[in-house]
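Colleague: I'm new to reading protein models, and I'd like a close look at a single part rather than a quick tour. Please pick salt bridges as the starting point, and then show me how the surroundings fit in.

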Amino acid sequence: IIGDYVAANTLSLRPWPTDGPRDQHAKFFQEMNNAGVCQVIPSFHLSKFYADMLLEGLSQPRTDPSSAFAVDFQRFGASVNADLLGDVSMVAWTVDLSLDLYELLPLVGGDCTITKLSEAESFQRYMKLLDAVQRWVAGGASGVAPALASVPFLVPLDISRVPWTEPQAQKKLNIFLKCMSKSYMDGGWSSIFEDRGVARARWLFSFAEPLQASYPFGNQLANISEAMLEHQSGSGDRAVVMLGTQALKTGGKNPINSVNLMEDYDITTTRYINPYVAYQKVEEKAKNLDGFIYDEWMDDWDRGTRGPFFLAAKDLIEMKDRCGSRFAHDDTCSRVVGSSGQIYPEYFGLVGASSQLMQHCVIPRFGYILFGTGGVRTSKKCAYMAPSSPWLFASAAMLVVVAVLQVARLLMKWCCQDKARADRKQDRASASSSTSQEQTTPSLGYITVVPTLKALQGEHTIELQSTQLKSGMECGWWLCQHT
């Protein structure tokens, strides 16, 4: 779908696998290349070590060679070597942690020297982590991750977290970008954007587009692009743009319809096409944008209101974000983007996902190639789910137990039936024996007759013996009826 329908040539992947079978990774990269997606942007899990600093109350990360931070980053650097990627090339790399502009932008003053950011512990921890990463990469061939030294580092910044209701929000954002791009020696706030030629760091701006068609994505991108041009130094500040669109929307008051799918089967796809067209116009004018990424995924529902990156928050509770779940869509986790646009970060995605029978299915939510020309046929692609081995073993064990119980139940039932049948035969034999015995003893009946003829006068007794009648009374009754 990404290669044929979106016509994209690059994947930004998170999380990035640093362990596991190499043949599986190689197979995945080969499938990417076969689909025409021949470039990749890996992401390092920096948020894990930021969370560790918060958990342990550290102001400095542990960076000694035996620390988990150093070991994991070295594994990450080794996993992106060209011999492991095959025909897929790495064009940049990034991390999964962004500064929270909603908390930090109000602390920005009118200049790099007039700021309260030094009081923000989240900002200081974030910068120390990035400084450590940059030192390791700057070592080149002798560094911890030599494969990363020749490609740009993309610094994530979630623009959708800008508090636009804050006075002079745009001006403060411009000052923030300017001071971040200046080195410590020049009075700036970081050494991330030092000029290293082609491998100079770039911004990775993340935007979130609400449902409202009036959302000024193009204007915001143009303002930021112009701000980078004003304070550029050396080869100039550059950026890659990431944008997410919603896959669901709020429904009615009925809990069953609290959220509805936004699949574009019968309507226009302008909410996907227009942002890319706006990006092209800004890039053509400013010449300082290096790529456009659609934030597209299906299985990361627990990102909540934080968006595509973890946010460098003040504590773990804020960083974790209670909104979002891997097991249910939560329609209470929206936030305002821009001035009034409601956005649901956990619902971003360009592909519709569904399950039927034993299959998982995906289908594009658009009818035109996004990064090219021409229409596409929105056919559904399905694949059978392969259960894991532990579940297979557990299911097989349950089937065996059920089968044994059923066999035992049948055997007990058969035994009880045989015993009951034998008892019934014995009862019938006894009843038949007693009946035959009773029938061999004749029943006797008597009746006294007094004739009226003189020749037969006197009392005469007639006796009846019968084995058919059950008693003497029946014999007497029979004689009475027949005389």
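Modeller: Happy to! Let's begin with a pair you can find quickly: the side chains of Glu56 and Arg62 meet in a salt bridge, with 2.4 Å from N to O. Please keep in mind that this is a predicted model. How buried or exposed are the two partners? Glu56 is partly exposed, with a relative accessible area of 44%, and Arg62 is also partly exposed, at 47%. Glu56 belongs to helix H2, which covers residues 46-56.

While you are at H2, look at Ser47, another residue of that helix. Ser47 is buried, because its relative accessible area is 6%, and the cut-off for buried is under 20%. Setting aside neighbours within four places in sequence, Ser47 touches Asp96, Leu97, Phe310 and Met319.

By the rule used here, the count comes to 8 salt bridges. Now for the part I would most like you to study. Which residues are linked in a network of salt bridges? They are Arg202, Arg238 and Asp290. Let's build the network one link at a time.

In one link, the side chains of Arg202 and Asp290 meet, with an N to O distance of 2.6 Å. Arg202 lies in strand S9 and Asp290 in strand S13 (residues 289-294), so this pair ties together parts that are 88 residues apart in sequence. The other link joins Arg238 to Asp290, with their closest N and O atoms 2.7 Å apart. This pair links distant parts of the chain as well: Arg238 is in the loop between H8 and strand S10 (239-245), while Asp290 is in strand S13, 52 residues away. Asp290 therefore appears in both links, and the three residues make up one network.

How covered are these three? Arg202 counts as buried, with 15% relative accessibility. Arg238 counts as partly exposed at 22%, and Asp290 is partly exposed with a relative accessible area of 36%.

From here you can walk outwards in two directions. Start with helix H8 (residues 217-230), which holds Leu229. Leu229 is partly exposed, with a relative accessible area of 33%. Leaving out neighbours within four places in sequence, Leu229 is in contact with Ala286 and Asn288. The C-alpha atoms of Leu229 and Ala286 are separated by 7.6 Å, although the two residues are 57 places apart along the chain.

Now go back to Arg202 and follow its strand, S9, which covers residues 202-209. What does S9 pair with? S9 pairs with strand S8 in the parallel sense, over 5 bridges. One spot to look for is Asp158, which stands opposite Ser206 in S9. S8 also has a parallel pairing with strand S4 (residues 93-95), this one over 2 bridges. Here, Thr94 stands opposite Leu154 in S8.

Why is S8 described as largely enclosed by the rest of the structure? The reason is that 6 of the 6 residues in this strand (residues 153-158) are buried. Looking at its two faces makes this easier to picture: Phe153, Val155 and Leu157 are buried on one side, and Leu154, Pro156 and Asp158 are buried on the other.

Finally, a little context for the whole chain. The chain has 12 helices and 21 strands, and buried residues make up 41% of its 483 residues. The links we followed between distant places have company: among contacts between residues at least 6 apart in sequence, 68% join residues at least 24 apart.

To retrace the route on your screen, begin at Asp290 with its partners Arg202 and Arg238, follow S9 from Arg202, and cross to S8 through the parallel pairing.

Note on methods:
Residues numbered from 1 in each chain as written. Predicted model: local features only at pLDDT ≥ 70, side-chain atom pairs only at ≥ 80, totals over all residues. Heavy atoms only, no water. Buried < 20%, exposed > 50% of the residue type's maximum accessible area, 1.4 Å probe, protein only. Helix = DSSP H or I, 4+ residues; strand = E, 2+ residues; numbered from the N terminus. Pairing = 2+ DSSP bridges. Contact = heavy atoms within 4.5 Å. Salt bridge = Lys/Arg side-chain N within 4 Å of Asp/Glu carboxyl O.
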